[in-house]
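Subject: Structure handover

Hello,

Here is the structure I said I would pass on. My notes on it follow below.

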Amino acid sequence: MYESMLNFPSGLFGEFERLRRELDDVFGASGMPAGIRSVAPGTLPAINVGKTPSSVEIYAFAPGIDPSKVDVTVDRGLLRIAGERASAVPEDDAKVTVYSRERSTGSFYRTVSLPDDVDASQVRASYRDGVLQISIPRRESTQPKRITVQ
Amino acid sequence: MSTQRAIQKTQEQETRSVLPRVDVFEDESGITLLADLPGVPRDKLEIKVEGDTLLIDGTVQPQTPEGLEAVYAEVRVPRLRRSFTLSRELDSARVDANLKDGVLTLRIPKQAHAQPRRIAIQAG
């Protein structure tokens, strides 16, 4: 079973996934310790973290937000992303019938703990196609160096 | 035997997809559909109307630098697909699509004859 970012796996297993999640809520997560800042599966925006030898890359999948209003801060090894998204569905309009309101609205807040070797003063963030991409370079001295054998 | 299983697994991975979340609402002149498709660039999005079925099919492809190694991934299925059946009073030939910041806005107008019309009552 994979956990979908969007809580809607398609096909036959969608129902089982939903049942599993509901049971998880009732009986609590499996006894393994989780990261102290980890969130319930399916919290939006979904986050992917990757690394290259020279940087740490964080992708927050947050479509339809105003990038100037997102708060990205790095504080003592912790990256925080906070923002909000307004609903695009017209409310209280008698002439409009709403059939589905699945897209999340309201404020969001995610944190990612960063490894010790990042240079927090050089964070670069960009927003493209609904993905907030945050790139933090890793300090020079910790990058792997090749040692030549005489 | 195991290569056959490996081929089947790759095929399954290629067709695995996730349903994007949508908002759908209708007003007098048509239906508006908003779909969350983060990370899908315009050239990786296909919108097809076949008969009375509307299909949205996008591939998530964020910009990744050279040598990127995944550390933690909540998005693991890079394909967003969802289809809808359009009822006959919708004019599927005049669908208007706009993709901005990962949000697809589709506007499907009603056929001209299906729009509400007030019928004037003749006197006498």
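What is the mean pLDDT of chain B, and what share of its residues reach 70 or more? This is a predicted model, and the mean for chain B is 86, with 89% of the residues at 70 or more. The scores for the model are ipTM 0.78 and pTM 0.75.

Confidence varies along chain B. Among its elements, strand β8 (residues 103-109) of chain B has the highest mean pLDDT, 95, and helix α1 (residues 2-15) of chain B has the lowest, 59. Where pLDDT is low, the predicted coordinates should not be read in detail.

Chain B

The secondary structure of chain B consists of one helix and eight strands. Read from the N terminus, the order of elements is α-β-β-β-β-β-β-β-β. Chain B has 124 residues, and 26% of them are buried. Taking the contacts in chain B with a separation of 6 or more, 53% are between residues 24 or more positions apart.

One residue I looked at separately is B:Arg117, in the segment after β8 of chain B. Is B:Arg117 buried or exposed? B:Arg117 has 8 other C-beta atoms within 10 Å, and a residue with 12 or fewer counts as exposed, so B:Arg117 is exposed. Its C-alpha atom is separated by 46 Å from that of B:Pro62, and the two residues are 55 apart along the chain.

Contact between the chains

How many residues does each chain bring to the contact? Chain A contributes 38 residues and chain B contributes 37 residues. On the side of chain A that touches chain B, the elements giving two or more residues are β1 (46-52), β2 (55-61), β5 (97-101) and β8 (131-137) of chain A. Of these, β1(A) gives the most, with seven residues. By residue type, this side of chain A comprises 20 nonpolar, 10 polar and eight charged residues.

There is also strand pairing across the two chains. β5(A) and strand β1 (residues 22-27) of chain B run antiparallel and are joined by four bridges. A:Ser100 has B:Val24 in β1(B) as its bridge partner. β5(A) is thus among the elements listed above for the side of chain A that touches chain B.

That is what I have for now.

Regards

Note on methods:
Residues are numbered from 1 along each chain as its sequence is written. Chains are lettered from A and ligands numbered from 1 in the order in which they are written. This is a predicted model: local features need pLDDT of at least 70, side-chain atom pairs count only at pLDDT 80 or more; totals for chains, interfaces and linings use all residues. pLDDT is the predictor's confidence in each residue, from 0 to 100. A residue is buried if 20 or more other C-beta atoms lie within 10 Å of its own, exposed if 12 or fewer, and partly exposed in between; C-beta atoms are placed from the backbone. Two residues are in contact if their C-beta atoms, placed from the backbone, lie within 7 Å. Ala, Val, Leu, Ile, Met, Phe, Trp, Tyr, Cys and Pro count as nonpolar, Asp, Glu, Lys and Arg as charged, and the others, Gly among them, as polar. Two strands pair if DSSP finds at least two bridges between them.
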